[in-house]
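User: Please take a close look at one part of this model, and follow it with whatever can be said about the surroundings of a further position elsewhere in the chain.

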Amino acid sequence: MSRSVRALRLKLSRHAGFQTYAGSRQYRSTFAPITVLEALEAISERNPELNAFASHITPAEASASESREGPLMDWPIAVKANIATARPSVTSCASRALYTYTSPFQATVVDSLERAGAAVVGKTNMDEFGMGSKNKFSIYGSALNPHTPALVAKQDGMTELDRHSPGGSSGGSAAAVAAGMCRAALGSDTGGSVRLPAAWCGVVGFKPTFGRISRHGLVAYGSSLDTVGIMARDVADVQSVFDIVAVPDSLDMTCMTSSLRARIKALASSRPWITQAHRPNRSESAPLAGIRVGIPEEYWVNELSEPALESWRAGASRLAALGCEVVSVSLPHTPSALPAYYALAWAEASSNLARYDGIRYGRRSDIRPDTRNLQNASQKYANTRGEGFGAEVQRRILLGTYVMSSAASEHYFTPSQKIRRLIQEEFDNVFALPNALSATQPLALSASRPLGVDVLLFPTATDAAPRLDDQEDSRVANYVNDVMTVPASLAGIPAISIPAGHADGMPLGLQLVAQYGDDDLLLCVARHL
């Protein structure tokens, strides 16, 4: 190993606070690696039909850039269009409001990846400002699911009714990974925007614990919910990227401090029943013996399709065969999660998007009223925001403004906050590991394990990816797509979607969820599933 590589790994190891870059945790992907030039060739060939990338670099730009040695050397990474990058320089959020916006700084996650040797090959398509679940609300047009049957069969004359959604809002990132146009991709997950596209595109999508990864450089949608997520073809690649980017960052006040990370590590290591299972390379016949998996009753909803239900049963059987104890648990307030989530997300979106007035940020309307008149000045703002925001974003801003109004906040916003707290407490009650935000001491050593489960298992979505122009679709149906993913977002706990079978040729996904800060155990179980 050269001196420069050794120095880089030492620097990253100290920065991360994990014993990762000294070679203690190396994960082998089950897929052949993709180089930067191979990714760019795939983008040139497949992106015209999939529309997964909003912009990308050229082979000439890739060759001219300085290559860096590191754990992710020559890894092509795709980055969602709401995460700031130096190249490609435009961070548009798929909105007219920021169509040509260039950030004066680069996101911390992107800096971390580039220091580790990875290369950003492009910015991916998304729902405008992250608001959507089908990647329909974008100035670049809809991205296409690579698993669309007509596309896979090379069927000529494919119509709009044949086009399947890649999911949203990180649909471009999921489609890019699934189509082999990058090795891993970054997305943002507010209420399921990484996990849902991952399930529908047949890839792995990981939403870490809130605060694990810095959000500095991520354009805000819901500040108490937004999380940078990772997508890849398998869990090993997700883990490799996560180890690089899950570091403290003083530029993000919501990012976990080093002391909190140490407390989480101490709590996690005080579980004797996990000690043997938490070994990535263990090869015994029951590698997950000692781990208890919970099946929440409330996720057995009427909208759950038969293929999704079968994949759920198969996943539970698979974990039982690996040595897990599978039990039933109850999370009574789960049905209230979806309305509470949207009330909170819309309220935060209304506040966060107030800055796009054409003066501080974003494009400005060409209509120029006489601003000496106060009414005309207000009209100037209205013209700018009306032209810059799409219909869905405007709808959510209006609803969020109403939710926060004095007449409605006591009926919507405050009760939603209370429901969120109840959902967090219910998760704390079903997990064996205490929540590190409230627990200050490691678990007392005992010969028997405490009550509670280590992970939860349930479907990521109620069914496989719908068609983009489904005639039975509705705005309410679009919101309901997040019903299986928003509880983990409200609680701020880690969740990961794993490919789990197909329905009519389209992928399905299963979701694993763990206690706050228990990301490593979650990834360990996911690798076996």
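Analyst: In this predicted model, E38 is found in helix 2, which covers residues 36-50. With a relative accessibility of 42%, E38 counts as partly exposed, because this value lies between the bounds for buried, under 20%, and exposed, over 50%. At the surface, E38 joins E41, E45 and D74 in forming a negative patch.

N47 is also found in helix 2, but its relative accessible area is 11%, so N47 is classed as buried, the limit being under 20%. When residues up to four places away in sequence are not counted, N47 touches A42, A52, F53 and M181. Helix 2 thus offers two settings to examine: E38, which is partly exposed, and N47, which is buried.

For the further position, A495 can be considered, which has its place in strand 10, a strand made up of residues 495-503. The relative accessibility of A495 is 0%, and A495 therefore counts as buried. Once its neighbours within four places in sequence are left aside, A495 is in contact with R195, G205, F206, K207 and A488, and likewise with Q511, L512, V513 and L522. A separate spacing can be given for A495 and Q515, which are 20 residues apart in sequence, while their C-alpha atoms are 9.3 Å apart in space.

Key
Residues numbered from 1 in each chain as written. Predicted model: local features only at pLDDT ≥ 70, side-chain atom pairs only at ≥ 80, totals over all residues. Heavy atoms only, no water. Helix = DSSP H or I, 4+ residues; strand = E, 2+ residues; numbered from the N terminus. Buried < 20%, exposed > 50% of the residue type's maximum accessible area, 1.4 Å probe, protein only. Contact = heavy atoms within 4.5 Å. Patch = residues over 30% accessible without salt bridge, like charges linked within 9 Å, V, L, I, M, F, W, Y side chains within 5 Å. Areas by Shrake-Rupley, 256 points an atom, 1.4 Å probe, with all protein chains shown as cover. Salt bridge = Lys/Arg side-chain N within 4 Å of Asp/Glu carboxyl O. Lys, Arg positive; Asp, Glu negative; His and termini not counted. Charge placed at Lys NZ, Arg CZ, Asp CG, Glu CD.
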